[in-house]
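Here are a few notes to read alongside the model, written for a colleague at the bench. Please keep the structure open and follow along point by point.

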Amino acid sequence: MSGQGRFVLGGVNALIYLFLVAPIVVVVIVSFGGAAFLQFPPKQLSLRWYTGLGEYPDFLRAFWLSLVLAAATSAVATVIGTLGAFAIARHRFPGRSFLSAMVMSPLVLPGLITGIALLQFFSLFRTEASFWRLLIGHVVVTVPYVVRSVQAVLVGFDRSLEEAARGLGADPWTATRLITLPIIKPGLVAGAVFAFILSFDNVVVSIFLTTPRLVPLPIQIYNYVESSAKPIIASISTLQIAVIVILLLVAEKLVGFSRYYLGGTEP
Amino acid sequence: MTDHVAAGTDSRKALPALELVGVRKTYGEVAALHEISLSVAEGALLFLLGPSGCGKTTTLRIVAGFIRQDAGQVRIRGESVDGVPPERRNLGMVFQNYALFPHMTVFQNVAFGLRMRRIPADAVRERVRRALDLVRLGGMEERYPRALSGGQQQRVALARAIVIEPKLLLLDEPLSNLDLKLREEMRSEIRALQKALGITTIFVTHDQEEAITMADEIVVMNQGRIIQSGAPTALYDRPANRFVAHFIGESNLESGKVQAAVGPAMWRVDAGGLSVLATGAGRWQPGDAVAVAVRPEKIRLAPVTPGGGAEAPNTFAGVVEECIFRGALRRYRVRLRHGRVWSVDEPSTSGTPALPASATVRVQWRPEDCLVVPDS
């Protein structure tokens, strides 16, 4: 009876994984097709949609823009989000729960609404369409993820470690730098990776803030598929996936999420 | 500057290592400490002892600089440290959970305080080695805390605190996470280390046995106040009130009323139906509510002898309820005439059989072993 249940459960699990991963696998396979249109399974294999990327400068420019934008977003959001998480996790101040709710709001509100709000905000101040507008927009939607992941590690952090460092002669900043930050590093890296990935494939906020000269990759792809079905879409998407996979591997190497020992001492 | 220090050397000898003067701390409506004052001599091992919530840890954390008192002054070697942050007080602290840095090796943990003092690497290595030898952890330098046993972690924490040659060593319930056997070993080890280094030490605990076996001086605290302080033997033999008599060691305690003064520091007390002779330095009037306390080992048991002569004072009939074998001691639980059960300890001398349950006995103790104390 239980053996049967286990079998059914395993089957359902396998189906769910298949459903999650299959579209991505299809895109990767299609990108190695030799035909001039999207074809699955491809009749012949070829690298022409990779070697020929140079013929699509719009895509290359969009790819670079998204890469730089995601890196900058990740850096800025990690700093702001970490500071916010410390404030919310460690201090009782007037407006704390309001701040906490505000930080959460981009998580709950549809991104579309955030995008429209940002557009209105920027036109109110008549700022020029620029990289900075995109960066600010992306930071706004990614900060909550950093706050959440840093808050999670701060909650489990044993503050007597900081006191021990203070007692041994470390000023508050030195204690934070040498003790707290290294110990909560997994949360920081997770937040930074989240922010990068969310920015790298963001459409709903970007779409309100792009200009003809500043088109992030997801928007470029989106615009392109409306009029064409060339496998260039698949190859550029595969590169996008590759960037994210490499990032995750580096992050794992950096902190070893799987084996990192969190917290103070054994109970 | 140099002259000043040189001139100060002699007077420093006389200065207490630590002084608290009228230190008060309240959290909202709740007073954690009511005007605590105490003074610790250089080189002493002082215990702050009390039940949880008595203010002992708050006191320690005020000394360490982690909490700021609302009123009063903390002086270390005669100098006020009010407003001095913890990192500039030069105190060594051991936390209940040890607070070892999990991402650093044993060496890096112990070296941390020396690195903060910008001591050259050679000297750091030498001093860390010596500190680890002192706590018998030589050769463990490259281990991480998680790879150590509880007892070893405790030693690392101790080494980390003493390697900086602190003015005071502050220990916050350092032994309470260890098992009994190890705890007893560490007691004598910590005391030996403290005496060898001569570091003035404040040891916070709720374990009275720990305090009486290790301390030079014990400060008993309850509800944010100091109840009594003194040497362990003084507290054991002359508890100031019912709380101390109950908290330090074991006592048979009985509430009662003073009947009359019968001699210098000698009183007749009606203790819940027992008319006892007891000693006490207080000035009482007949009718005052007091408590009498008798240590279990001060009481003697004898079989009832028919037609015995004149009875000594404080002799009562009782019935043995049970006898508990405790190795070197036998603990009798005896129901006395007034209905209450007292504890009586006798050495388990080989040869004499234990009294059986429901045996009728005579219970007797000397008036000078029976203390009258305030009933609080």
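**Notes on the model**

1. A good place to start is the turn right behind one helix of chain B: just after H2(B), B:Gly65 takes a positive phi of about 95 degrees. Please keep in mind throughout that this is a predicted model.

2. Now look at the helix itself. Helix H2 of chain B covers residues 56–64, and eight of its nine residues are buried, so the rest of the structure largely encloses it. The buried residues are B:Lys56, B:Thr58, B:Thr59, B:Leu60, B:Arg61, B:Ile62, B:Val63 and B:Ala64. You will notice that B:Lys56 and B:Arg61 are on that list.

3. Next, the hairpin in chain B. Strand S1 (residues 18–27) and strand S2 (residues 30–40) run antiparallel and are joined by seven bridges. To find the register, go to B:Val23, which stands opposite B:Ile36 in S2(B). Two residues lie between the strands of this hairpin, and B:Gly28 takes a positive phi near 60 degrees there.

4. Chain B also holds an open sheet of six strands with mixed pairing, in the order S6-S7-S8-S3-S9-S10. Its edge strands are S6 (91–94) and S10 (225–230), each of which pairs on one side only. From one strand to the next, the twist averages 15 degrees.

5. Within that sheet, have a look at S3 (residues 45–49) and S8 (residues 200–205) of chain B, which pair in the parallel sense over five bridges. A handy landmark is B:Phe47, whose bridge partner in S8(B) is B:Phe203. When you trace side chains here, it helps to recall that in a regular strand they alternate between the two faces of the sheet.

6. Which strands does helix H5 (residues 150–162) of chain B lie across? This helix lies across S6 and strand S7 (168–172) of chain B, and H5(B) runs at about 170 degrees to S6(B).

7. Finally, a helix pair in chain A. Helix H5 (residues 111–124) and helix H6 (residues 131–155) of chain A pack at an angle of about 140 degrees, with their axes 11 Å apart. That angle makes H5(A) oblique to H6(A), and H5(A) passes H6(A) in a right-handed crossing. At the contact, A:Gly111, A:Thr114, A:Leu118 and A:Phe122 in H5(A) meet A:Arg133, A:Gly137, A:Val140 and A:Val141 in H6(A). These contact residues divide into four nonpolar, three polar and one charged. The spacing along each helix is worth a look, because an α-helix has 3.6 residues a turn and residues three or four places apart point the same way.

Terms used: Residues are numbered from 1 along each chain as its sequence is written. Chains are lettered from A and ligands numbered from 1 in the order in which they are written. This is a predicted model: local features need pLDDT of at least 70, side-chain atom pairs count only at pLDDT 80 or more; totals for chains, interfaces and linings use all residues. Two strands pair if DSSP finds at least two bridges between them. Helices (H or I, at least four residues) and strands (E, at least two) are DSSP runs, numbered from the N terminus. A residue is buried if 20 or more other C-beta atoms lie within 10 Å of its own, exposed if 12 or fewer, and partly exposed in between; C-beta atoms are placed from the backbone. Axes are lines fitted to C-alpha atoms, for helices over the stretch in contact, and angles run from 0 to 180 degrees between N-to-C directions. Angles under 35 degrees count as roughly parallel, over 145 as roughly antiparallel, 65 to 115 as roughly perpendicular and the rest as oblique. A crossing is left-handed if the near helix is turned anticlockwise from the far one by less than a right angle, and right-handed if clockwise. Two residues are in contact if their C-beta atoms, placed from the backbone, lie within 7 Å. Ala, Val, Leu, Ile, Met, Phe, Trp, Tyr, Cys and Pro count as nonpolar, Asp, Glu, Lys and Arg as charged, and the others, Gly among them, as polar.
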